[in-house]
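Me: Hi! Could you pick one small part of this protein and take me through it closely, then show me what the rest of the chain looks like around it?

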Amino acid sequence: MKITFLSILPVYLLICSLPAVGYSQSGIIKGRVFNHKNNEPLPYTNIILENNPQKGTSSDLDGNFTLTNVAPGYVRLVASAVGFQKYISEDFLVTNSNAVFVEIPMDETAVTLNAVEIKPSEFTRKEESPVSMQRLTIQEIERSPGSNRDISKVIQSLPGVATGVSYRNDVIVRGGGPSENRFYLDDVEIPNLNHFATQGASGGPVGIINVDFIREVEFLAGAFPAKRGNALSSVLEFTQIDGNKDKFSGRVSLGSSDLALAINGPVTKNSTFLFSYRRSYLQFLFSALGLPFLPTYNDYQFKYKINFGQRNQLSVISIGSLDKNKLNTGISNPDDFQKYLLQSLPASSQWSYTFGIVYKHFRDKGNGTWVFSRNMLNNEQYKYRNNYEVPDSLLLNYKSQESENKFRYEGLTDLVKTRISYGAGLQYAEYNNKTYQQFFVGNEVKPLDYNSYLSLFSWNIFGQASRSFFRDKLLLTLGIRMDANNYSKTMSNMLKQFSPRFSASYGITDKFFLNFNTGRYYQLPAYTSLGYRNNYGTLVNDSLGIRYISSDHFVLGFEFLPGQRSKFSVEGFYKIYNHYPFSVRDSVSLASKGADYTVVGDEPLLPVSKGRSYGVEVLYRNADLFGFNIILSYTYVRSEFTNYFGTYIPSAWDNRNLFNITVGRKFKHNWEIGMKWRFAGGAPYTPWDENKSSIVAAWDVQGRGYLDYSRFNTLRLKSFNQLDLRVDKGFYFKKWSLMLYVDIQNLLNFQAQQPDILVNTQEDGSIVKYVDDGGVERYKLRYIENYTGTILPSIGIMVEF
């Protein structure tokens with residue numbers, strides 16, 4: 001019996017209609033208030049519920065507090081203490097079954113006459129990055145329509161972030177490529193954010209991070225702090241919760257594509273743990289639907305934290321994944337599209353992990369953080385002609401490993417009204433690659449067959465200072481960073497990667513701010529590029545002079561905070577790229593590559609491409625507009641990189657117009673409804689090279705056609721839009737909780753245009769060959785229209801105990 005969405009929808013509705021048996025207001029919030037700078041407890045701090053100011057308490061001598069009889073659901077806390085800025089917490093879920101533990105870090109404030117009073121706001125402004133920063137709470141992530149609790153999809157609602165078809169999670173920020181972003185989980189860098197990750201970039205179809213453990217996300221599209229390097233477009237900081245300090249608790253989640261178990265609890269009096277495991281069941285669904293590929297993914301997430309008194313903390317962080325994709329060659333009577341995918345897609349296997357130790361020591365005037373981590377990626381792909389797995393039919397056999405061992409120290413010191421951060425980092429990386437691949441070059445098939453090993457030492461230093469002037473109306477931040485490595489003489493000179501950054505924020509009133517940032521940022525090319533060799537063992541791109549990529553940022557805008565729960569901002573940006581790797585084989589900038597499921601950068605590259613992206617972003621956020629939570633953003637962006645002749649042409653990310661609106665509302669009896677509508681202007685694309693593609697030897701080498709790079713991005717797709725709907729219902733019983741949701745993607749069934757597919761089969765399924773006047777054997781090719789998009793409903797069930 002086949003189980004479908006429609007068959008289980010009545011069951012879902014029946015459950016949702018049940019009376020709220022066992023409901024009560026017995027939720028408990030426990031927490032600790034402390035000085036963010038030195039971790040000292042703050043006694044006598046007033047803590048209230050934001051949505052119910054009459055319910056509150058105060059912290060004891062150790063900074064601890066308890067709130068009882070709290071109604072279940074998402075809530076925020078407001079904390080206030082003399083000499084400290086008022087603090088508004090992120091959203092967090094209160095249930096009857098488990099107490100919630102909340103950490104409240106408070107920042108000191110100087111009491112000065114005639115100063116601009118910075119009123120509390122849900123939209124935090126940081127000294128080190130006063131512009132281009134957005135903050136997402138767990139409620140916004142959990143309840144985001146069409147995102148299925150996937151953080152990579154949620155951030156597509158933010159200004160400057162491009163959106164696209166639903167099966168990719170590429171992070172495209174302000175016209176930059178998907179390889180230009182960096183991700184941190186509790187201060188530990190994680191190089192891979194997605195399952196089936198594109199090696200050399202960052203995209204993939206499904207996120208790795210389990211949102212059950214996420215407290216909040218900070219998204220930086222510019223003004224990167226000096227402690228965060230190797231990024232050109234964005235930095236994402238993920239902060240996890242701590243484990244339950246009282247008792248063991250957990251959650252079982254059944255989503256649209258996977259089953260997950262998340263548990264947490266105390267280990268000792270001063271330590272807690274988190275652990276989760278997820279496994280997908282997509283292979284069964286895809287097989288039943290007759291799709292030509294059968295993916296399976298697994299992931300885990302772990303955190304252990306222990307406090308040694310008030311001055312010392314130690315955390316152990318780990319996250320990893322195991323992904324396999326095999327071809328469904330057992331399809332009977334495959335259609336044209338299925339045949340195309342079966343011909344061109346390789347089978348793949350990939351695993352990755354990150355393990356980190358974070359030690360924090362607090363002093364009276366600041367703190368220090370030591371981070372030790374190791375991450376590793378193993379990526380394997382293979383492809384046989386017509387999927388006949390015999391040696392003579394081998395087209396691709398790719399095996400690669402990347403590993404990084406890192407140490408980083410970050411120090412923070414407050415001197416009167418100046419905050420100084422500083423530090424340094426060391427890294428040792430290894431890259432292995434064993435590649436066999438056939439190419440069609442110069443009218444003949446040539447094999448590329450090499451083994452590569454690369455070891456790389458990298459080092460960096462950084463410092464940053466922030467200070468307020470004119471009675472705290474003006475905030476200035478100046479940072480410096482330098483990076484280097486031993487790959488080449490050019491890249492070993494830190495002065496050649498001198499990376500200054502400067503930000504200014506002026507408070508005209510307590511609600512209106514003018515903001516500015518400029519900086520030069522550097523990023524090391526991917527290991528796939530650094531370690532690429534030819535058949536003779538030569539490091540090709542070393543001989544071609546590959547070097548760090550640079551990007552100069554200029555950002556100017558204003559921010560208006562009309563109320564505690566609302567924000568309106570406008571930012572203009574201009575980014576200038578230099579030394580971007582340029583493909584010798586295809587004569588295009590590597591900036592336009594990366595949105596595929598294979599590998600990026602393993603080819604000859606020249607560091608000669610230049611680029612520019614510029615535009616304006618408009619953002620309006622209101623957490624309580626007549627009871628609605630609204631995120632509305634519009635971005636106009638142009639993204640261009642130089643071609644072989646030095647002429648600027650549109651990159652693959654030149655969508656021009658991006659518009660997103662997300663609206664949600666809570667109703668009585670724990671009902672919530674949300675809708676999200678996305679619009680993106682048509683992206684550029686490249687037509688097929690029919691002459692080269694029709695050659696039998698050329699086609700058979702890769703099972704698909706060849707793009708005509710002489711006409712790179714000369715065509716443009718139609719615009720894209722999608723409407724998503726989500727309905728949530730919560731049941732909070734005394735010892736357990738049940739959360740249900742229905743999520744419907746593409747409610748309007750919009751068909752998104754994709755580039756037409758070139759196939760070598762005829763409408764009747766036959767393959768026609770012929771010999772041209774020059775004696776070259778060719779296929780008779782034809783085009784098939786390529787539109788993607790369907791109404792995609794799913795149901796989620798979460799049980800918390």
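Reply: Happy to. Let's start at Phe196, which is found in the loop between strand 13 (194–195) and strand 14; helices (H or I, at least four residues) and strands (E, at least two) are DSSP runs, numbered from the N terminus. This is a predicted model, where local features need pLDDT of at least 70 and side-chain atom pairs count only at pLDDT 80 or more, while totals for chains, interfaces and linings use all residues. Residues are numbered from 1 along each chain as its sequence is written, and side-chain values use heavy atoms, with hydrogens and water left out.

Phe196 is not a glycine, yet its phi is positive, about 50°. Its relative accessible area is 11%, so Phe196 is buried (buried means under 20% relative accessible area, exposed over 50%, partly exposed in between, with a 1.4 Å probe and protein chains only).

At the other end of that loop, Val206 belongs to strand 14 (residues 206–207). Val206 is buried too, because its relative accessible area is 15%. Beyond its neighbours within four places in sequence, Val206 has contacts (heavy atoms within 4.5 Å) with Asp150, Asn169, Leu193, Asn194, His195 and Tyr297. The C-alpha atom of Val206 is also 8.2 Å from that of Ser152, although 54 residues separate the two along the chain.

For a second loop residue with an unusual backbone angle, look between strand 40 and strand 41, where Asn749 lies. Asn749 has a positive phi as well, near 55°, and is not a glycine. Here the relative accessible area is 34%, so Asn749 is partly exposed.

Now for the interior. The largest nonpolar core has 34 residues, and Ile141, Ile151, Ile209, Ile214, Val217 and Phe238 have the most contacts inside it; such a core is a set of buried Ala, Val, Leu, Ile, Met, Phe, Trp, Tyr and Cys residues joined through side-chain atoms within 4.5 Å. Elements that each supply at least two residues to this core include helix 2 (138–142), helix 3 (151–154), strand 16 (234–240) and strand 40 (737–745). Strand 15 gives the largest share, 3 residues. Outside its neighbours within four places, Ile214 touches, among others, Ile138, Ile141, Ile151, Leu185 and Phe238. A second, separate core has 20 residues, including Leu67, Leu77, Phe84 and Phe92.

Helix 5 (residues 336–344) is worth a stop as well: Gln338, Tyr340, Leu341, Leu342, Gln343 and Ser344 are buried there. Their cover includes strand 20 (293–308), strand 21, strand 23 (366–384), helix 9 (696–702) and strand 41 (752–759).

Elsewhere, 4 strands make an open antiparallel sheet in the order 3-2-6-7; two strands pair if DSSP finds at least two bridges between them. Strand 3 (52–58) and strand 7 (87–88) are at the edges with a single partner strand each, so one side of each has no neighbour in the sheet. Strand 2 (residues 46–49) joins strand 3 over 4 antiparallel bridges, and Ile48 has Gly56 in strand 3 as its bridge partner.

Stepping back, the protein chain has 9 helices and 45 strands, and 57% of its 801 residues are buried. Of the contacts between residues at least 6 apart in sequence, 67% link residues at least 24 apart. The C-alpha atoms fill a box of roughly 90 × 65 × 45 Å along the principal axes.
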